[in-house]
Amino acid sequence: MASTVNPTVRRRRLGQELRKLREERGMTAEEVADRLLVSQSKISRLENGRRSISQRDVRDLCGVYAVDDLRIVESLMQMAKESRQQGWWHAFGDIPYSVYIGLETEAASLRIYEPQIVPGLLQTQPYAEAVIAGALPEASPDDVEKRVQVRMRRQQRVSAPKDPLRLWAVLDEAALRRTVGGRQTMIEQLEHLGELSRLPHVTVQVMPFEMGAHPGVNGQYAILEFPDAADSTVVYLEGVTSDLYLEKTGDVQSYGVMYEHLRAQALNADDSRDFIQGVAKEYAREA
């Protein structure tokens with residue numbers, strides 16, 4: 001059974017605490033790795049929360065950092081234990097972007113720019129099926145179905161009656177005009193998008209072609225912010241074989257400023273909704 005504890009967030013918080021202890025001791029990751037006879041990359045992955053951490057790892061690191069307060073050691077050990085529990089997504093097997101799902105599940109807000117397709121959290125099931133099958137031509141039907149189920153489960157954050165995810169999405173016009181799954185699928189998808197955009201915690205803006213070059217031309221990205229101030233904001237860049245998570249203050253600020261420019265240049269929420277409805281009518285006339 002999946003735990004209510006979010007293991008991804010526990011790993012991030014634990015990694016932050018371990019990094020703080022290392023820095024307080026004035027040690028480099030390389031020095032710690034040499035003391036423990038492990039690779040420097042292991043220490044880095046433990047600190048950035050991208051690697052599962054055992055209670056033994058915590059015990060050894062606390063020994064290196066000369067942590068004498070047993071309450072601190074016990075607290076870190078408990079976090080390590082919780083970080084190895086399973087989130088709801090583990091019930092679906094091996095999901096390549098499970099780290100992102102863990103972050104999204106805990107996030108309070110999400111800002112996303114999408115140049116090619118409707119964002120996953122705003123997709124209808126037929127549209128999601130067509131997107132995933134098209135993006136993964138060698139995936140088996142079972143694998144496609146599993147990914148669709150995960151995507152539908154993720155959408156519960158948007159529809160949650162209590163503390164729903166605050167979502168702000170800027171879409172390039174291409175995402176509306178790319179025919180995914182056929183015209184009827186697109187009509188239903190655009191109508192669904194328009195309905196979701198009326199929710200008080202969801203904002204959808206469209207970047208029309210006529211705007212020309214803009215700060216999002218380099219591709220899709222997402223900015224996740226969390227309810228706990230101890231959890232740093234994360235910029236997520238999706239890749240084909242691996243993903244990139246940026247947490248350095250300078251990187252996050254750069255993407256945040258870029259997103260503000262995107263929001264300023266895109267159509268406002270009301271005009272965007274009208275634009276989406278207009279494209280849906282074009283599909284209906286051609287169907």
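User: How much surface does the chain expose, and what share of it do carbon and sulfur atoms supply?

Analyst: About 14700 Å² is exposed, with carbon and sulfur atoms supplying 48% of it; accessible areas come from the Shrake-Rupley method with a 1.4 Å probe, and for residues only the protein chains shown count as cover. Keep in mind that this is a predicted model, where local features need pLDDT of at least 70, side-chain atom pairs count only at pLDDT 80 or more, and totals for chains, interfaces and linings use all residues. Residues are numbered from 1 along each chain as its sequence is written, and side-chain values use heavy atoms, leaving out hydrogens and water.

User: Why does glutamine 220 count as buried?

Analyst: Buried means under 20% relative accessible area (exposed is over 50%, partly exposed in between, with a 1.4 Å probe and protein chains only). Glutamine 220 has 18% relative accessibility, so it counts as buried. Across the chain, buried residues make up 46% of the 287 residues.

User: What is glutamine 220 in contact with, leaving aside its neighbours within four places in sequence?

Analyst: Contact means heavy atoms within 4.5 Å. By that rule, glutamine 220 is in contact with Ile112, Tyr113, Glu114, Pro115, Leu237 and Glu238.

User: What makes 17 residues in the lining of the largest pocket nonpolar?

Analyst: Their residue types do: Ala, Val, Leu, Ile, Met, Phe, Trp, Tyr, Cys and Pro count as nonpolar, Asp, Glu, Lys and Arg as charged, and the others, Gly among them, as polar. Sorted that way, the lining has 17 nonpolar, seven polar and seven charged residues.
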